[in-house]
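Student: I should like to learn how to read the main features of a protein model. Could we proceed from the overall fold to the details of the backbone?

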Amino acid sequence: MWGALITIQCMADVSAIRLLLLRSTVLGMFLAMAGDASAAVSSAAAVTWQPAKLVRGSPVLFRVSLPTNVKGLSGKWLGHEVKFFSVPGNKGWYALAGIPVETTAGSYDLELTGTRGAANFQYVKRIRVSPANYPKIAIHVGKQFTEPSPEQLKHIASDKELKQSIFAKETEVRLWEGGFQAPVSAATSDPFGTERVFNGEVKSRHLGLDYAVGPGTPVHAVNRGTVLLARDLYFEGGFVAIDHGQGLMSLYLHLSDFKVHEGDEVSSGQLIALSGGSGRATGPHLHLAVRWQGIYLNPAVLLKLELPESHHVETADQGSH
Ligand SMILES: [Zn+2]
């Protein structure tokens, strides 16, 4: 009796152990597969970026080299989702992102998640954001801009609502293609990031790049996109906003005339407006601003990035029309 019982118990134990072994083997194989995929990708992955030295307020172009059988890549960077696109032939995956101007210098993780064959892989790259010093200047503007009347406040509030609604319209697909070009060929007069003191009272930061151009100068789109807004606003004056897709927008301020309509698709370098000195401007000039997922970035850096020459129709993110 004992013997039989022991045998049965043993058999039961053996089955349980076998099951456990089988489970751990399957789990082990799964881990090994995931490990292999990550290890293989990690050893093959190389993350580079432009500009070489990153500072707060700068746009950044990430490039990730990966094995050819990688089918998708996304990333997380400073709390933002980063969308990568592949360029056929050069094994490179690219994404335009940015660093908020309030970011403190330090090291931050770019967390990558991708698909290779049937397995997912993850890869983390630690990236240094160096300190940046932006200049401080005092500027003087008319009282109507620092102490607006109730009527003017109404105008400002409705502008704010309008801007919020257009800024919320972020196109998922990438519309921009190739390098970005300057909207005018002229010298710049005020760089991005300057801290401004209005009449010794109101503080703000210059979140765009000013070009010293007289009124009536032709203004061109910095890249391909869709016109979200082309109208007069209180502070901005004549204002054009272009959506370049994947959260990237370019804004053109103080314009005197529009050459495009809201909803128009524009190509890179297309004439969109004439410059002016409308809105809160100390004189005629063009203010160019670049927004990425709600963050204002330094346009001068964006214009210098060497972007891959790829037509949107050749990439996985097609379907914009
Ligand atoms: Zn400006």
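Tutor: Let us begin with the secondary structure, which comes to 4 helices and 23 strands in this chain. Please bear in mind that the model is predicted.

Student: How many residues does the chain have, and what percentage of them count as buried?

Tutor: The chain has 321 residues, and 32% of them count as buried. As for contacts with a separation of 6 or more, 67% are between residues 24 or more positions apart.

Student: How should one read a nonpolar core, and which residues have the most contacts inside the largest one?

Tutor: The general idea is that nonpolar side chains tend to be buried together in soluble globular proteins. Here the largest nonpolar core has 61 residues, and V240 and Y252 have the most contacts inside it. The element that gives the most to this core is strand β18, residues 248-255, with 6 residues.

Student: Why does this core lie between domain 1 and domain 2?

Tutor: Both domain 1 (1-132) and domain 2 (136-304) give residues to the core, so it lies between them.

Student: With which residues is Y252 in contact, leaving aside its neighbours within four places in sequence?

Tutor: Y252 is then in contact with P183, V219, V240, I272, A273, L286 and L288.

Student: Let us turn to sheets. What is the strand order in the open sheet of 5 strands?

Tutor: In general, the strands of a sheet pair through backbone hydrogen bonds, either parallel or antiparallel. In this case the order is β2-β9-β8-β4-β5, and the pairing is mixed. Strands β2 and β5 are at the edges, each pairing on one side only.

Student: How do the strands on either side of β4 pair with it?

Tutor: Strand β8 (residues 106-116) runs antiparallel to β4 and is joined to it by 7 bridges; within this pairing, L73 has G114 in β8 as its bridge partner. Strand β4 (residues 70-77) also pairs with β5 (residues 80-83) in the antiparallel sense, over 4 bridges, and S74 stands opposite K83 in β5. The hairpin of β4 and β5 has 2 residues between the strands, and L78 takes a positive phi near 50 degrees there.

Student: Which strands stand at the edges of the open sheet of 3 strands, β15-β21-β19?

Tutor: That sheet has antiparallel pairing. Its edges are β15 (218-220) and β19 (257-258); each has a single partner strand, so one side of each is left without a neighbour in the sheet. Strand β19 pairs with β21 (residues 271-274) over 2 bridges, and F258 stands opposite A273 in β21.

Student: Finally, I should like to inspect the backbone torsions. Which peptide bond is cis, with omega near -10 degrees?

Tutor: The bond from Q50 to P51 is cis, with that omega value. P51 is placed in the loop between β1 (46-50) and β2 (54-55).

Student: Where are Q246 and Q293 placed, and is each of them buried or partly exposed?

Tutor: Q246 is in the loop between β17 (237-245) and β18. Its phi is near 50 degrees, a positive value in a residue other than glycine. Q246 has 22 other C-beta atoms within 10 Å, and the cut-off is 20 or more, so Q246 is buried.

Tutor: Q293 is in the loop between β22 (286-292) and β23 (295-297). Q293 also is not a glycine, and has a positive phi of about 45 degrees. With 19 C-beta neighbours inside 10 Å, Q293 counts as partly exposed.

Key: Residues numbered from 1 in each chain as written. Predicted model: local features only at pLDDT ≥ 70, side-chain atom pairs only at ≥ 80, totals over all residues. Core = buried A, V, L, I, M, F, W, Y, C linked by C-beta atoms within 7 Å. Buried ≥ 20, exposed ≤ 12 C-beta atoms within 10 Å, placed from the backbone. Domains from an automatic or database assignment. Contact = placed C-beta atoms within 7 Å. Pairing = 2+ DSSP bridges.
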